[in-house]
Amino acid sequence: MAHVIRPSEEEELSSFIAEAAESGVPIEVFGAATKRDIGRPLQVEATVSSENLTGITLYEPSELVLSAGSGTPLADIEDLLRQYNQQLPFEPIDLGPVLKGEAGRGTLGAVFATNFSGPRRIFSGSARDHLIGMRAINGRGELFKSGGRVMKNVTGYDLSRTLTGSWGTLAVMTEVTVKVLPIAEETRTLLFFDLLDEIAIDLMCDAVITPYEVSATVHIDQELVSHIAPDELASQGKSITAIRLENFSESLDYRIEQLRTQFQSYGDIELLNDAQSLEFWSSIRQLKFLQVSNDPVWRISTLPKNAAEVVRGIRAHHPQCSAVYEWSGGLIWLLMPPLSDAGTSEVRRSVGALGGHATLIRSDVSTRASVEVFHPLQKGPMKITQHLKNVFDPAGILNPGRMYPGI
Amino acid sequence: MSSLVLPEPDTAVLIKRNPLLKGLKKAVPGLDIISDEDGRRAFEADALTAYKMMPMAVVLPVNTEQVSAILKFCNQHNIKVVPRGAGTSLCGGALPCEDSIVVGLSRMNRVLDIDFPNRMATVQTGITNLGISNAVEANGFFYAPDPSSQLACTLGGNIAMNSGGAHCLKYGVTTNNILALKVVLIDGEVIDIGGGYLDQPGYDLIGLFVGSEGQFGIVTEATVRLLKSPEAARPMLMGFQSSEDAGDCVAAVIASGIIPVALEFMDRPAIHVCENFANAGYPLDVEALLIVEVEGSESEIDSLLDKIATIAQEFNPSVIRISQSPEESLAIWKGRKSAFGAMGQISDYYCMDGTIPTNKLSEVLSEIARICARHELKVANIFHAGDGNLHPLVLYDANNADEVRRAEEAGAEILKHCVRVGGCLTGEHGVGVEKRDIMYEQFSTVDMEQQTRIKSAFDPNWLLNPGKVFPLDETPQATADGES
């Protein structure tokens, strides 16, 4: 890795970017670099990391609010929250090991730069839904803020959310403020086995429209269960469909029973207790199912009811691909066979026909250089995207071209 | 309020009013154009009635194509455009300018598609907030954000202001419940953003549009997230002898791991006015009242309310009363949701909308009392206690110019204090014209420039909803130099 600038003060970062903008020096921006290999390859002359902008600057458990430097390790934040029986409600995923890195190294800022949320997204909302304020430095080197430390705030435009999912191409976040929530008293999980994709999706969709507050659903192809915890589940070698409930223990007794009755026609139901459930969902959060190989991985957003057909369309060309459906099918993780183009045209064609968008999460650099990593935007949204890039980063120096040509 | 200045009218436009309206009629066949004085009068103000201005005309399009043609025409002829839903804005968000055309979306109120399996509905944005829930209620679903004006206010207005409501502690505000938008830009271009998926490709353009106060474009259709109704919900009332006790009780409930679906606070004056109006059975001999609502099965509700009541015991409650029937629950909510209307029957009032860190409640209430006493005005306070959104209602007599001025001054002082303690100027109503001149209390010049640059990128001539959000010295001339 070329020399990396790691400012520990906002002012230092601000002057660095201002100078780069002045002289037109393109900069690569990252936190702990755990997701550095996602996106179109960059041509840069300097590299800057936010990982020294650390520290939890505010935590008020009774107000459900936390602020921290963008480079603060997610693990530190989650450790602190756990001491107060609280958590980040959107259950951020850990892409580190999937991208051949270490686990638990990602930063808070990167969670929002990617807006990747975990299993609880379907119940609690996404990362962007819990973002309530931000400080950031734009491509001119100017430090600005948006939002604040209170949960409800509509003062001025919502620039914080605008920056979520921008992959460091608009501004470098220096501090973020998030809404946190209590950890449920107990977690339990209903498991179903050997269901076809369509059937599993029907089950998951029906489960989330019960009034029992299902907080996560996942369906894992049998080819991908081998790394899932607990071990005894993995060793069964069957596809798994899981439905999670989190609540007070006495509510769970009632709710589990209601779901069992409603879904008995889907076959034998196994139950994971609290400890087993935590272990299972932790392995989902860590995307263990993608750690079975180093082959290309796509992340596809679509409508739940179209998800199985999206995968079927791709399988027609690449029968060896395997899928995990989260969010009742709204999110598909697709592990492709080792193709030099990662199966891009078939993925795009199938997603294009049924609606949704696909991002290439894992592939080698030559593939990333030759195919679109992020889903190509329609003309209208691309026009707005270009407007925003020009507004935030007129010199085009921040992660230039990482998402789209010129963006 | 009396001192409001709107952007300088464009005399070149005003002088050509009649030919322009003729041209608009020709450019948009079938468009309903209201140009007579009586007709326009109905649109001269929104719910911030202290400000009034007659627009050049009001148009009531029936579809996206008409909205597109209207904006294209207005852009070509440099005519200002004020989008309007139901006109329930409390911050003058839909206040016309003299040289503007008001685009009212009230006729675009159809439900276009309901998709229960994927939990979403696509509607035109002139539909009322409650209209969405009504359309899906029979199937056991609802649309979550619930502003007090939900019977009248439109989804379009909710999107413009990122509206919240009493139940957003659990379900989030508008931006958390929108999955896709159809937007018409000032040049008439129609753009689809999002597609009903749980995240968007590229930048979060939904996040950008929601809360932009009608200044980036007109949203004509939206796909909203539908939620399954809980088995049941039930509120309880808890009365306290001080706002400190009530505030501490809220903190203790949240610390216990319970997030009620709603957590509402009223002070003594608010309790009396609401009780008088709604006969909700509120206790009248307390300084602070909490309405706490939880959801679940009947036995889960019993258990949760018991837990909350036990926690509350530590804070000297004078009254704890759990609703015993659906009728009682309705009455309890009727009292709270009619607070603004009830207050309106006894006095003119100026409704503030700051947000504060919740643990500053007592301090802020004392300061509000001091500010209002200094201005010789009465005040009642409604507070979304779970999320810190505070609505002081400053009472005044609209026929007394001096009281109007004092109310305006007191309001601004209250909001500045909210910012000083770590809060913000507006939690759910928006900036509109009302708070634009105190934006610098919360934002630096750089913060403001970052926003106005985006405005200029969407709408280079600042034709869309002018005079709102930013002090007038932030308008195009002032920002032109900063554009690349």
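# Exercises on a predicted two-chain model

With 407 residues, chain A would have a radius of gyration near 22 Å if it were a compact globule; its value is 21 Å, which agrees. Keep in mind throughout that this model is predicted.

## Exercise 1: The build of chain A

Task: Describe chain A through its secondary structure, its box, its burial and its contacts.

Solution.
- Step 1. Start with the elements: chain A has 13 helices and 18 strands.
- Step 2. Along the principal axes, the C-alpha atoms of chain A fill a box of roughly 65 × 50 × 35 Å.
- Step 3. Turn to burial: 64% of the 407 residues of chain A count as buried.
- Step 4. Take the contacts in chain A with a separation of 6 or more; residues 24 or more positions apart account for 73% of them.
- Step 5. Finish at the surface, where chain A exposes about 13700 Å² and carbon and sulfur atoms supply 47% of that area.
- Step 6. For the charges, chain A has 36 positive and 50 negative ones, and their mean positions are 6 Å apart.

## Exercise 2: One helix and its buried side

Task: Find which residues of helix α2 of chain A are buried, and work out how they are placed around the axis.

Solution.
- Step 1. Helix α2 of chain A spans residues 74-83, and its buried residues are A:L74, A:I77, A:E78 and A:L81.
- Step 2. These residues cover an arc of only 95° around the axis, so they sit on the same side of α2(A).
- Step 3. Now look for the partners: the buried residues of α2(A) pack against the strands β4 (56-60), β5 (65-69) and β6 (86-87), and against the helices α3 (108-114) and α9 (274-285), of chain A.
- Step 4. Look at what comes after the helix: α2(A) is followed by A:N85, which has a positive phi near 60°.

## Exercise 3: Backbone angles in the loops of chain A

Task: Inspect the backbone at A:P230, A:D194 and A:L287, and say where each residue lies.

Solution.
- Step 1. Check omega at the proline: the peptide bond from A:A229 to A:P230 is cis, with omega near -5°. A:P230 belongs to the loop between β12 (214-220) and α7 (231-236) of chain A.
- Step 2. Move to A:D194, which is not a glycine and yet has a positive phi of about 60°. Its place is the loop between β11 (186-193) and α6 (197-208) of chain A.
- Step 3. A:L287 also calls for a look at phi, which is near 55°, a positive value in a residue other than glycine. A:L287 is in the loop between α9 and β15 (297-301) of chain A.
- Step 4. Add accessibility. A:D194 has 48% relative accessibility and therefore counts as partly exposed. A:L287 has 0% and therefore counts as buried.

## Exercise 4: The build of chain B

Task: Repeat the description for chain B, and decide how its radius of gyration fits the globule rule.

Solution.
- Step 1. Chain B has 17 helices and 19 strands.
- Step 2. Its radius of gyration is 23 Å, close to the 23 Å that the globule rule gives for 484 residues, so chain B is as compact as a globular protein of that length.
- Step 3. The C-alpha atoms of chain B fill a box of roughly 70 × 55 × 45 Å along the principal axes.
- Step 4. Of the 484 residues in chain B, 65% are buried.
- Step 5. Among contacts in chain B between residues at least 6 apart in sequence, 71% join residues at least 24 apart.
- Step 6. Chain B exposes about 16400 Å², with carbon and sulfur atoms supplying 50% of it.
- Step 7. The mean positions of the 38 positive and 63 negative charges of chain B are 5 Å apart.

## Exercise 5: Two residues of chain B

Task: Classify B:V5 and B:N158 as buried, partly exposed or exposed, and list their contacts beyond four places in sequence.

Solution.
- Step 1. Locate B:V5 in the segment before α1 (11-15) of chain B.
- Step 2. The relative accessibility of B:V5 is 48%, so B:V5 counts as partly exposed.
- Step 3. Leaving aside neighbours within four places in sequence, B:V5 is in contact with B:R436 and B:L472.
- Step 4. Check a distance too: B:V5 and B:P471 are 466 residues apart along the chain, while their C-alpha atoms are separated by 9.8 Å.
- Step 5. Go on to B:N158, found in helix α6 (residues 155-161) of chain B.
- Step 6. B:N158 has 2% relative accessibility and therefore counts as buried.
- Step 7. With neighbours within four places in sequence left aside, B:N158 is in contact with B:N129, B:P147, B:C153, B:S163 and B:T174.

Technical notes. Residues numbered from 1 in each chain as written. Chains lettered and ligands numbered in written order. Predicted model: local features only at pLDDT ≥ 70, side-chain atom pairs only at ≥ 80, totals over all residues. Heavy atoms only, no water. Helix = DSSP H or I, 4+ residues; strand = E, 2+ residues; numbered from the N terminus. Rg over C-alpha atoms; globule rule 2.2 N^0.38 Å. Buried < 20%, exposed > 50% of the residue type's maximum accessible area, 1.4 Å probe, protein only. Contact = heavy atoms within 4.5 Å. Areas by Shrake-Rupley, 256 points an atom, 1.4 Å probe, with all protein chains shown as cover. Lys, Arg positive; Asp, Glu negative; His and termini not counted. Charge placed at Lys NZ, Arg CZ, Asp CG, Glu CD. Arc of directions from axis to C-beta.
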